[in-house]
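User: Please take a close look at the side-chain contacts in this one, and tell me how they tie in with the strands and helices around them. I'd like a connected story rather than a list.

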Amino acid sequence: MFLNRLRQDIDAVDCEIHTLINDRAKLAQQVATVKKSQVANSDDPSARDPIFYRPEREAQVLKAVMARNIGPIADEKMARLFREIMSVCLDLEAPQRIAFLGPLGTFTHAAALKHFGKAADTLPLSTITDVFREVEAGTAMYGVVPVENSSEGVVNHTLDGFLSSTLKIIGEVELPIHQNFLVAEHTKIDGISRIYSHQQSLAQCRHWLDVNYPNVERVAVSSNGEAARRLKNEWHSAAIAGDVAAAEYDLHKLYANIEDNPSNTTRFLIIGHESIAPSGQDKTSIVVSAHDKAGALIEILKPLSYHGVSMTSIETRPERPNKWAYVFFIDMDGHIQDPNVSAAIADIRPLVKDVRILGSYPKAVL
């Protein structure tokens, strides 16, 4: 009888949650109506379609969810629940098409779902250049591209994409990289003779493979999603990939978390057109074209130190098509609207050939 009473209480709570979620969705629809009306009645000739996705607002909401959470559900898991509710509500306001470095089942796909939720319409593309191109053309509203891995370093193709694009960084995602040893339903486990994965994933699992499958052929393919896809027609093969690939291609995790470094993490950038308002915990990214002279980098960094701006990373790339010329990609704590950040960048400008603000955006929340 006590168990039945508990189940009745759960049913009652479920009904309340159901009602409240629909109430939230109705409010989201009202927000969409107001935004459309504001654009329609605007005297600004440059006013275009209303902006429905607001990364700074979503970051504030998710941080508030974790701050007020009292358990027993863990803070991050509670925030993930709200992430999906927000995703569904945003889809009611205006469906969001998100381009990402594909194919389906890659870690970039996982990052897109983590950031935008499963209600987003995701568009897999073959190259990072394609992601930039589709967002620039408006075919996709936003794009997700990898920028650095804690073990393998920076993704140069993404940095180079900003050199020929006017797109901005509007957000970031940090994704722990957990690798799984995947097999299909028809795989003969005792007869595995080939293991597919991306070259980096094979490297990240080298020790585990040396111990468990030392004599099995390792085949590098274009992506972990492609590795998972290949198992469909092969009974003697396995793949190394993440959870999204396992779900996308209906594979079984024979072994989970086989990566040699359990803290391995990849950072992804969200790219779009608009500038983002402060969220309270932000980053700013700039690209600086320096003069070719001794001490140029030291000159660039001095204003950051003087104004108390913390630099979180710096990378160098060739400044094409100029020979032996370089640009610096710099990430720093703070928003461009923060007085110390704007003052530091203002002091850098006369010291260099050019400074471009790639974007100020909320720090990764989940």
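Analyst: Here is a walk through one sheet and its side chains, followed by the contacts elsewhere that fill in the picture. Keep in mind that this is a predicted model.

Let's start with the backbone. Five strands make up an open sheet of mixed pairing, and reading across it gives the order β8-β7-β9-β6-β10. β8 and β10 (252-255) are the edge strands, each with a pairing partner on one side only. Ignoring direction, neighbouring strands of this sheet are turned by 35° against each other on average.

At the β10 edge, strand β6 (residues 180-183) pairs with β10 in the antiparallel sense, over three bridges. In that pairing, Phe 181 stands opposite Tyr 255 in β10. Those two residues also turn up together in an aromatic cluster, which they form with Trp 208 and Tyr 213. So which residues should you click on to see the whole cluster? Pick Phe 181, Trp 208, Tyr 213 and Tyr 255.

Now hop over to the β8 edge, where the story turns to charges. Glu 217 and Arg 194 meet in a salt bridge, at 3.5 Å from N to O. Glu 217 belongs to strand β8 (residues 217-221) and Arg 194 to strand β7 (residues 194-198), so this pair links distant parts of the chain, 23 residues apart. β8 and β7 sit side by side in the sheet order. Buried or exposed, what about the two partners? Neither label fits: Glu 217 is partly exposed at 44% relative accessible area, and Arg 194 is partly exposed as well, at 25%.

Another bridge joins Arg 218 and Asp 210, with N and O 2.7 Å apart. Here too both ends are partly exposed: Arg 218 has a relative accessible area of 31%, and Asp 210 has 40%.

Stepping back from the sheet, the salt bridges come to 20 in total. One that sits inside a helix is Asp 130 with Arg 133, whose closest N and O atoms are 2.6 Å apart. Why does the spacing work out as it does? The two residues are three apart in helix α5 (residues 128-137), so about one helical turn separates them. Asp 130 is partly exposed at 22%, and Arg 133 is partly exposed at 43%. There is also a network of salt bridges, in which Glu 148, Glu 172, Arg 267, Lys 283 and Asp 331 are linked.

Back to the rings. Over the whole structure the search turns up nine aromatic pairs. One of them is Tyr 53 with Tyr 142, an edge-to-face pair with 5.1 Å between the centres and 70° between the planes. This pair ties together distant parts of the chain: Tyr 53 is in the loop between α1 (2-40) and α2 (55-68), while Tyr 142 is in strand β3 (residues 142-149), 89 residues away. Tyr 53 has just 2% relative accessibility, so it counts as buried. Tyr 142, at 5%, counts as buried too.

Some rings have a charge for company. Lys 188 lies over the face of Trp 235, at 5.2 Å from the ring centre. The charged end of Arg 68 does something similar with Phe 82, sitting over the ring at 5.7 Å from its centre.

If burial is what you're after, have a look at helix α4 (residues 107-116). Ten of its ten residues are buried, so the rest of the structure largely encloses α4. The buried set includes charged-type and aromatic side chains such as Lys 114, Phe 107 and Phe 116, along with His 109 and His 115. Just after α4, Gly 117 takes a positive phi of about 85°.

Last stop, the cysteines. How many disulfides does the search find? Zero. The sulfur of Cys 15 has its closest cysteine sulfur in Cys 89, and at 19 Å that is too far for a bond. The settings of the two cysteines contrast: Cys 15 is exposed, with 54% relative accessible area, whereas Cys 89 is buried at 3%.

Note on methods
Residues numbered from 1 in each chain as written. Predicted model: local features only at pLDDT ≥ 70, side-chain atom pairs only at ≥ 80, totals over all residues. Heavy atoms only, no water. Phe/Tyr/Trp six-rings, centres within 6.5 Å; stacked < 30°, edge-to-face > 60°. Helix = DSSP H or I, 4+ residues; strand = E, 2+ residues; numbered from the N terminus. Buried < 20%, exposed > 50% of the residue type's maximum accessible area, 1.4 Å probe, protein only. Lys NZ or Arg CZ within 6 Å of the ring centre and 35° of its normal. Disulfide = S-S within 2.5 Å. Salt bridge = Lys/Arg side-chain N within 4 Å of Asp/Glu carboxyl O. Pairing = 2+ DSSP bridges. Axes fitted to C-alpha atoms, helices over the stretch in contact; angles between N-to-C directions.
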